[in-house]
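Trainee: Could you pick one part of this chain and take me through it slowly? I'd like to see how it sits among its neighbours, with a bit of the wider setting before and after.

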Amino acid sequence: EILSNLENNLNKRNIDFINKIFENDNEKMIRKYNKLINEFPNATWKIKNLSTQDNNTNIFNIKVTGSKYINEKNYVLESSFNFVFSFENGKFNNPIIKNNLTTIRNDNKAIDIDILIPDKVLTGSNYDIDIIINNPLNGSIIAGTINEYQESNILKKEINLIPLASGGIFKMTRAPSKPGTQIWSGFIAHPKGLISFTKSVDILKEF
């Protein structure tokens, strides 16, 4: 019932329901929700329940899809994440978004890429970030970049792309020393269009 109500009201654009069902995060949730439907007015939500051994914790897997034409290019949004929460007195408490992978692309999937970034790593550990281009366009230059997302740089206009001669982006990074969430964002540019992506990584003391 919770799942069905949330999915239906998100798709019906029922702001009153969102305002009512979130205990302390309603303003932030409504702001993010409004931003998304302003950018992708036809966005739709599909929600699936995931099993958990903790009776006080619920996990929904949420997929959001949408599209929008800008300058005769069709930008397609695909987002998948786990929504972790407790539910008390008809309200969501302590909601957390985990394992988020979001892509926006306008190339009609002209190239196939694998975004291989782990969902979770240990604090202070080294881990690999691999963005693999499986079917490069013959003779075409493909450029890209990936950087750790920082709120202070969100309005930075310059994006430094470099040619990807090795068939993708490959790098090793170190997790922060404190638990939390690390977010990576990147771009791929090729003759058929652009791909942007965002991936979150949970930083944990122990698995």
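**A close look at β12**

Mentor: Let's start from the outside and work in. The chain exposes about 12800 Å², and carbon and sulfur atoms supply 48% of that area. Keep in mind as we go that this is a predicted model. Of the 207 residues, 36% are buried. The secondary structure comes to three helices and 12 strands. The radius of gyration is 19 Å, close to the 17 Å that the globule rule gives for 207 residues, so the chain is as compact as a globular protein of that length. Taken along the principal axes, the box filled by its C-alpha atoms is roughly 60 × 45 × 30 Å. Among contacts with a separation of 6 or more, 56% join residues 24 or more positions apart. As for charge, there are 25 positive and 22 negative ones, and their mean positions are 3 Å apart.

Now for the part I'd pick. Strand β12 covers residues 193-204, and it is mostly covered, with nine of its 12 residues buried. So who are its partners?

Take β11 to begin with, residues 180-190. β11 and β12 form a hairpin with two residues between them, and the two pair in the antiparallel sense over 11 bridges. To find your place on screen, look for I183, whose bridge partner in β12 is S200.

Then there's β4, residues 91-105, which also pairs with β12 in the antiparallel sense, over five bridges. Here the pair to click on is L101, standing opposite K199 of β12.

β6 is a short piece, residues 120-122, and it runs parallel to β12, with three bridges. L122 has L204 as its bridge partner in β12.

With those partners in view, zoom in on D202, which is found in β12. Is this acidic residue buried or exposed? Its relative accessibility is 7%, and the cut-off for buried is under 20%, so D202 counts as buried. Its contacts help you picture the surroundings: leaving aside residues up to four places away in sequence, D202 touches K98, N99, D119, K120, V121, G180 and T181. You can place several of those on the strands we just met, since β4 takes in residues 91-105, β6 residues 120-122 and β11 residues 180-190. For a sense of the spacing, D202 and I183 are 19 residues apart in sequence, while their C-alpha atoms are 8.8 Å apart.

Let's follow β4 away from β12 for a moment, as there is a backbone oddity to look at. N94 lies in β4 and has a positive phi of about 50 degrees, although it is not a glycine. With 64% relative accessibility, N94 counts as exposed. Past that strand, in the loop between β4 and β5, sits N108, and its phi is positive too, near 55 degrees, again in a residue other than glycine. N108 is exposed as well, with a relative accessible area of 75%.

That loop brings you to β5, residues 113-116. In a regular strand the side chains alternate between the two faces of the sheet. Look at β5 with that in mind: I113 and I115 are on its covered face, and D114 and L116 are on the uncovered one. β5 pairs with β7, residues 126-133, in the antiparallel sense over four bridges. I113 meets I133 of β7 as its bridge partner.

One last stop, to set against D202. I159 is in the loop between β8 (143-148) and β9 (162-163). Its relative accessibility is 43%, so I159 counts as partly exposed, whereas D202 counts as buried. Beyond residues up to four places away in sequence, I159 touches T145 and F187. That second contact leads back to our hairpin, because the residue range of β11 is 180-190, and β11 is half of the hairpin with β12. I159 and I146 are 13 residues apart in sequence and 9.8 Å apart in space, C-alpha to C-alpha.

So if you go back to β12 on screen, look for antiparallel β11, antiparallel β4 and parallel β6, then find D202 with its contacts.

Notes: Residues numbered from 1 in each chain as written. Predicted model: local features only at pLDDT ≥ 70, side-chain atom pairs only at ≥ 80, totals over all residues. Heavy atoms only, no water. Rg over C-alpha atoms; globule rule 2.2 N^0.38 Å. Buried < 20%, exposed > 50% of the residue type's maximum accessible area, 1.4 Å probe, protein only. Contact = heavy atoms within 4.5 Å. Areas by Shrake-Rupley, 256 points an atom, 1.4 Å probe, with all protein chains shown as cover. Lys, Arg positive; Asp, Glu negative; His and termini not counted. Charge placed at Lys NZ, Arg CZ, Asp CG, Glu CD. Pairing = 2+ DSSP bridges.
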